[in-house]
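User: I'm new to reading protein structures and would like a close look at one part of this one. Could you walk me through how its helices and strands sit against each other?

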Amino acid sequence: MSVGVLKGEEKIAFELRSLYKKYGYQPYKMSKFEEYDLYVNNKEFLLGDGVITFNDTDGRLLALKPDVTLSIIKNSVATAGKRKVYYNENVYRISGETKQFKEIAQAGLECVGDIDEYDVFETVYLAAASLAAISDNFVLDLSHAGILSATLEEIGAGGDFDKAYLRLLSEKNRHEAAALCEKYALSCEEKERLLTLLSVQGEAGKALEKLRPVCQGKAKEAFARLERLCKLLGVTEYADKFRIDFSVVNNRNYYDDVVFKGFVDGIYEGVLSGGRYDLLLRRMGKDEGAIGFAVNLDLLEGFKETRHRKDVDILLLYDENTPTLQLVRAVNALVKKGNSVSAQKTADGIRYKELVDMTGDKL
């Protein structure tokens, strides 16, 4: 089988493990269970609709882990430098639609410790590389919780306003966001700042130029960090895959810097999500920083894509005038040279690197 052809979540998970190892990330294996208090105290961080609980033999209330990041942070012991780990784990949640238990396969990585600009770049870059391992046709949307939080704090309209605005931002609902600003009697300048955040979307360079004028005070500092990150990402092989989109909203009680979400053509929802979540560590009593992401492998089950958009190395065309013996010899000779070969009477719908035509007078 060609390594460029992805057959399912197991092959993708293998490729992701290989990718993360190349950048010094170590495997992390954890128990399926954690004490329930870990999740109930950080329920806003969870992406899911419930926690599956049961009583241990000693009476403690345990939970099937609905999240990997919280477990890693809880069990991470502070050391000099940074802890870089990757995982391939199942998490367990209660479906909001069916109310049934569901098991979800995830792969991802976490970098915990004295996080700096390089760590942020490397994590976002590896997020893009993870998407590239799935398909050529992907985008990674970037947002920045620091810009958003600083802007809302400076405007100071209050918690109810912030909550309503964030919902409308995630929905990209400009009309209702404008009405909300009017309801709270925001100034024209404040309204423009918030509506610009809502409307900024697209290629990083152009989006940053549109965003620059509305980033003031602390938001200006956060904007500078985002701009530096985009410049670093702009010299990578995935430069044209990054977009700015502030509808990528994560909880401001946990995230304080870059957040991102990855999409692959042909899959109906985001397959990757992550960000920097120093505030989560503060809430858990750890004076460190952290950044990471997770890939939802369940969404990739049955998904087939060729990384280089080729089904076969050589397409060999033949017709009724092509002697079968010559066709057999040609196919065998090409296969012995290490090529993948498909003998067909038409090229329709087949992606190939090289065409060999044995039809009619071309024989």
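Analyst: Here is a walk through one helix pair, some strand pairings and a pocket.

Keep in mind that this is a predicted model. Let's start with the helices. Two packed helices are described by the angle between their axes and the distance between the axes. Here, helix 5 covers residues 145–155 and helix 10 covers residues 218–233, and the two pack at an angle of about 170° with axes 8 Å apart. An angle over 145° counts as roughly antiparallel, so helix 5 is roughly antiparallel to helix 10.

Which residues make the contact? From helix 5 you get G146, I147, A150, T151 and E153, while helix 10 brings K218, A219, A222, F223 and L226. Sorted by class, the residues of this contact are 6 nonpolar, 2 polar and 2 charged.

Now for the strands. Strands of a sheet pair through backbone hydrogen bonds, either parallel or antiparallel. Strand 10 (residues 242–245) is a nice one to study, as you can see both kinds of pairing there. With strand 8 (residues 138–144), strand 10 pairs in the parallel sense over 3 bridges, and L140 stands opposite F242 of strand 10. With strand 9 (residues 201–203), strand 10 pairs in the antiparallel sense, again over 3 bridges. In that pairing, look for G202, which stands opposite I244 of strand 10.

Further along the chain there is an open sheet of 3 strands, in the order 16-15-17, with parallel pairing. Strand 16 (341–344) and strand 17 (352–357) are the edge strands, and each of them pairs on one side only. On average, neighbouring strands of this sheet are turned by 25° against each other, ignoring direction. If you zoom in on strand 15 (residues 312–317), you'll find 5 bridges joining it to strand 17, with the two running parallel. One spot to click on is V312, whose bridge partner in strand 17 is Y352.

Last, the empty space. Rolling a probe the size of a water molecule over the atoms shows where empty space is left. The second largest pocket holds about 340 Å³. It is lined by 12 residues, and the closest to its centre are K163, L166, V249, N251 and R252. By class, the lining of this pocket has 2 nonpolar, 5 polar and 5 charged residues.

Definitions and conventions
Residues numbered from 1 in each chain as written. Predicted model: local features only at pLDDT ≥ 70, side-chain atom pairs only at ≥ 80, totals over all residues. Heavy atoms only, no water. 1 Å grid on protein atoms, 1.4 Å probe; cavity = no way out; pocket = protein on both sides within 12 Å on 5 of 7 lines; lining within 4 Å. Points joined across faces, edges and corners; volume = space filled by probe spheres on them. Nonpolar A, V, L, I, M, F, W, Y, C, P; charged D, E, K, R; others polar. Axes fitted to C-alpha atoms, helices over the stretch in contact; angles between N-to-C directions. Helix = DSSP H or I, 4+ residues; strand = E, 2+ residues; numbered from the N terminus. Parallel < 35°, antiparallel > 145°, perpendicular 65-115°, else oblique. Contact = heavy atoms within 4.5 Å. Pairing = 2+ DSSP bridges.
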